[in-house]
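Reader: I am new to this structure and would like to understand how its charged side chains are described. Could you take me through the terms as they come up?

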Amino acid sequence: MKFRSTTILTVRHNGKLALGGDGQVTLGNTIMKADANKIRKLKDGNVLCGFAGSSADAFALLERFEAKLKDNPGNVPRAATELAKEWRTDRALRRLEALMVVADARHSLLISGTGDVIQPTDGIIGIGAGGPLAVASAKALKAHSTLNAAEIVRESLMIAGEIDIYTNQNILVEELPCEP
């Protein structure tokens, strides 16, 4: 059986960065856990990380990303690039099934096992089963509401949780100040 889980969303809006995720972990057609925490604060709370996919794989990547942050202090893009290179070239890491979003005051990055490190122009990234739904909701709310970044993330994840069966409405959101 295949584990399916999560929706992770990050939004930059009006000087704030918000990163949130739901808490659902599903095995086949069974919800195994409703309150998993897939959001982490790193580097004394100055870097946020969210992950989707296999939990064990995501934690292995999280540990490696933390090590890359220590090797490249204050340089999140460099740490992300180094992780992506290692992930893509290491035989064991290539088998990992997960995606990561990392963000600090200046950067929001999607990191994948294919070597991608992507920084979207609008600061909105969604990964996981409900990622595309949450991104669509966030884009609409950012353009047509007065909500702040954390409220956009929360509402977008709630909408994704109403539509996607692998996403629930047990939402955790973390926020940081960010540069425009």
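Author: What follows is a short exchange about salt bridges and burial. This is a predicted model, in which local features need pLDDT of at least 70, side-chain atom pairs count only at pLDDT 80 or more, and totals for chains, interfaces and linings use all residues. Residues are numbered from 1 along each chain as its sequence is written, and side-chain values use heavy atoms, with hydrogens and water left out.

Reader: What makes Lys68 and Glu86 a salt bridge?

Author: A salt bridge requires a side-chain nitrogen of Lys or Arg within 4 Å of a carboxyl oxygen of Asp or Glu; the closest N and O atoms of Lys68 and Glu86 are 2.7 Å apart, so the pair qualifies. Lys68 lies in helix H1 and Glu86 in helix H2, so the pair ties together parts that are 18 residues apart in sequence; helices here are DSSP runs of H or I with at least four residues, numbered from the N terminus.

Reader: Why is Lys68 called buried, and why is Glu86 called partly exposed?

Author: Buried means under 20% relative accessible area, exposed over 50%, and partly exposed in between, with a 1.4 Å probe and protein chains only. Lys68 has 16%, so Lys68 is buried, whereas Glu86, at 22%, counts as partly exposed.

Reader: How do you know that Lys139 and Asp122 form a salt bridge?

Author: Their closest N and O atoms are 2.3 Å apart, so the pair meets the cut-off. Lys139 lies in helix H3 and Asp122 in the loop between strand S10 and strand S11, where strands are DSSP runs of E with at least two residues.
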